[in-house]
Amino acid sequence: MRTSRRALAAAALALVLPLSACGSGDDGSGSTDASGKVEGDITFQTWNLQANFKSYFEGVIADFEKKYPDTNVKWIDQPAEGYADKISADAAGGTLPDVVNVSPDLVAPLAKAGLALDLDKAAPTYKKEYLAGAWASHQIPGMTGTYAFPWYLNTGPLFYNKSLFEEAGLDPDKPPTTYDELFSDALELAEKSDGKVATLANVPTIEDFGRYGVELMNKEGTGFAFNDAKGVELLSKYKELYDAKALDSQALTATPESSGKKFLTGAVAMNPGSALDLENFKTQAPNLYKNIGITDQITSTGKVNMYVMGVMVNSQTKHTPAAVAFAHFVTDAQNQMSFAKQVAIFPSTAGSLDDPYFTKEDGTDVTRVRVAAAKSLKNAVNYTPVLFSEQMKTELRNEVAKALQGKQSPKEALDNAVEACDKLLEQQG
């Protein structure tokens, strides 16, 4: 049931990883006034996008420079690995990009350091152009302001292997719709296959605790709370699955790619994904494609998880009007729609999800997934707390692994994870 922010890139955006921008370092003389003339040189850096979307981004840049002839946008593309570390190094070295594509957890430390421009102050007129939930996604607990334009969103269904359900005596046309049904079916599948077929391939992540209805943080945003009774209940269920081989034995070290391969080969019965995956199933695993089932994400809240990317403006840029104008241009309705038609992502702009592209079915599974996902995004939630860093995700994963292996109880594991994450939170300032 895992589609973390990183898994989003693999499952739904196999080739599209978050965008960033790299630009001139500054002497600290940046301005928050975005109302001046749009002019000057800015640098725009993407993350592993050039190989597959070179013409798209070159087109966006050319259109922007045509609209604002006194600007020049330099585009640089970075490899995928080490992006968060690169942002940290640039921030520390004073070489942070003029316009940076960030996820909410990456923008938080930059906002706290005063390096992210507050759009509520600098560009408040743009707020109405975006979905309210998307605009709010780059707000930081304990701070006022919004620190990035929302860019693309994603979510996706659960895929399941109908033939594996049928072989276990389960109704292939009635996949689980609640957590109780999921855990029951998973145990049944493991038992009937003598432990050869697991239902899930990943350990629970912070998003899973959110979907289960666990309170992830206190209201003030000063401490984590996922070690409550409901959190312990979820991890205990996963421990039961792990012991019964209903959770894949390699889940402790699984990556989105390895989980996807397990699903392709029939070793795992369910896996999260997107419309993009359907094309892969068709070419790489035609037998699976013939038996593919598509169902909604399972939640206890009635709201699915969404992943959000944003485009941040460096508050220290020497060309604030140009940087703000370009960040807005990349994320405006027209360019988001254009991008969404090239890859399985969804625009964050208000009204875009009502476009026939996201509402009209044509009888194909690809369109069915896209329409369902677009509908669910209208009230979806980004369950990953903005202040939940990559380091915190690692702490949680390590403690969850110890619980599944029986080295400590689920309660001890989550208590330890909360303690570690709270210490990291304090270090964030």
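Which residues does Thr-384 touch, not counting residues up to four places away in sequence? The first legend takes up that question, and the rest go on through this predicted model.

**View 1. Thr-384 sits in the loop between helix H17 (365-377) and helix H18 (390-404).** Being in a loop doesn't leave Thr-384 out in the open here: the residue is buried, with a relative accessible area of 9%. Its contacts, leaving out residues up to four places away in sequence, are Ile-206, Glu-207, Asn-305 and Lys-393.

**View 2. Leu-404 is found in helix H18.** Leu-404 has a relative accessibility of 1%, so it counts as buried. Look around this side chain and you'll find quite a list of partners: Leu-404 touches Val-203, Leu-235, Tyr-238, Lys-239, Tyr-242, Asp-243, Leu-247 and Leu-252, again not counting residues up to four places away in sequence. Pick out Leu-247 from that group: Leu-247 and Leu-404 are 157 residues apart in sequence, while their C-alpha atoms are 10.0 Å apart in space.

**View 3. The largest nonpolar core of the model has 70 residues.** Leu-404 turns up again here, as one of the residues with the most contacts inside this core, along with Val-102, Phe-224, Phe-226, Met-312 and Leu-396. Helix H19 (residues 410-428) gives the most to this core, with 7 residues. Another core lies apart from it and has 51 residues, including Val-73, Met-306, Ala-322 and Ala-373. As a bit of background, nonpolar side chains tend to be buried together in soluble globular proteins.

**View 4. Strand S3 (residues 99-102) is covered on both faces.** Val-99 and Asn-101 are on one side, Val-100 and Val-102 are on the other, and all of them are buried. In a regular strand, the side chains alternate between the two faces of the sheet. For a partner, S3 has strand S8 (residues 307-313): the two run antiparallel and are joined by 4 bridges. To find your way along this pair, start from Val-100, which stands opposite Met-312 in S8. That same Met-312 is among the residues with the most contacts inside the largest nonpolar core, and so is Val-102 of the strand just described.

**View 5. Ala-116 is in the loop between helix H4 (104-112) and helix H5 (119-122).** Here is another loop residue that is buried, this time with a relative accessible area of 7%. Setting aside neighbours within four places in sequence, Ala-116 is in contact with Val-107, Leu-110, Ala-111, Tyr-147, Met-312, Val-313 and Ser-315. For a sense of scale, try Tyr-289: it is 173 residues from Ala-116 in sequence, and the two C-alpha atoms are 45 Å apart in space.

**View 6. Strands S6, S5 and S7 form an open sheet, in that order.** The pairing in this sheet is antiparallel. Strand S6 (270-272) and strand S7 (292-295) are the edge strands, each pairing on one side only. Ignoring direction, neighbouring strands here are turned by 25° against each other on average. Between strand S5 (residues 158-161) and S6 there are 3 bridges, in the antiparallel sense. One place to spot the pairing is at Leu-158, whose bridge partner in S6 is Pro-272. Helix H11 (residues 256-264) lies across S5, S6 and S7, running at about 140° to S6.

**View 7. Helix H2 (residues 50-67) packs with helix H15 (residues 333-340).** The angle between them is about 170°, and their axes are 11 Å apart. Angles over 145 degrees count as roughly antiparallel, so that is how H2 is placed relative to H15. On the H2 side, the contact is made by Phe-53, Tyr-56, Phe-57 and Val-60, and on the H15 side by Asn-335, Ser-338 and Phe-339. Sorted by class, that makes 5 nonpolar, 2 polar and no charged residues.

**View 8. Asp-194 and Lys-245 each have a positive phi.** Most residues other than glycine have a negative phi. Asp-194 has a phi near 55°, and it is found in the loop between helix H8 (179-192) and helix H9 (206-211). With 67% relative accessibility, Asp-194 counts as exposed. Lys-245 isn't a glycine either, and its phi is about 65°. Look for Lys-245 in the loop between helix H10 (229-243) and H11.

Terms used
Residues are numbered from 1 along each chain as its sequence is written. This is a predicted model: local features need pLDDT of at least 70, side-chain atom pairs count only at pLDDT 80 or more; totals for chains, interfaces and linings use all residues. Side-chain values use heavy atoms; hydrogens and water are left out. A nonpolar core is a set of buried Ala, Val, Leu, Ile, Met, Phe, Trp, Tyr and Cys residues joined through side-chain atoms within 4.5 Å. Buried means under 20% relative accessible area, exposed over 50%, partly exposed in between (1.4 Å probe, protein chains only). Axes are lines fitted to C-alpha atoms, for helices over the stretch in contact, and angles run from 0 to 180 degrees between N-to-C directions. Angles under 35 degrees count as roughly parallel, over 145 as roughly antiparallel, 65 to 115 as roughly perpendicular and the rest as oblique. Contact means heavy atoms within 4.5 Å. Ala, Val, Leu, Ile, Met, Phe, Trp, Tyr, Cys and Pro count as nonpolar, Asp, Glu, Lys and Arg as charged, and the others, Gly among them, as polar. Two strands pair if DSSP finds at least two bridges between them.
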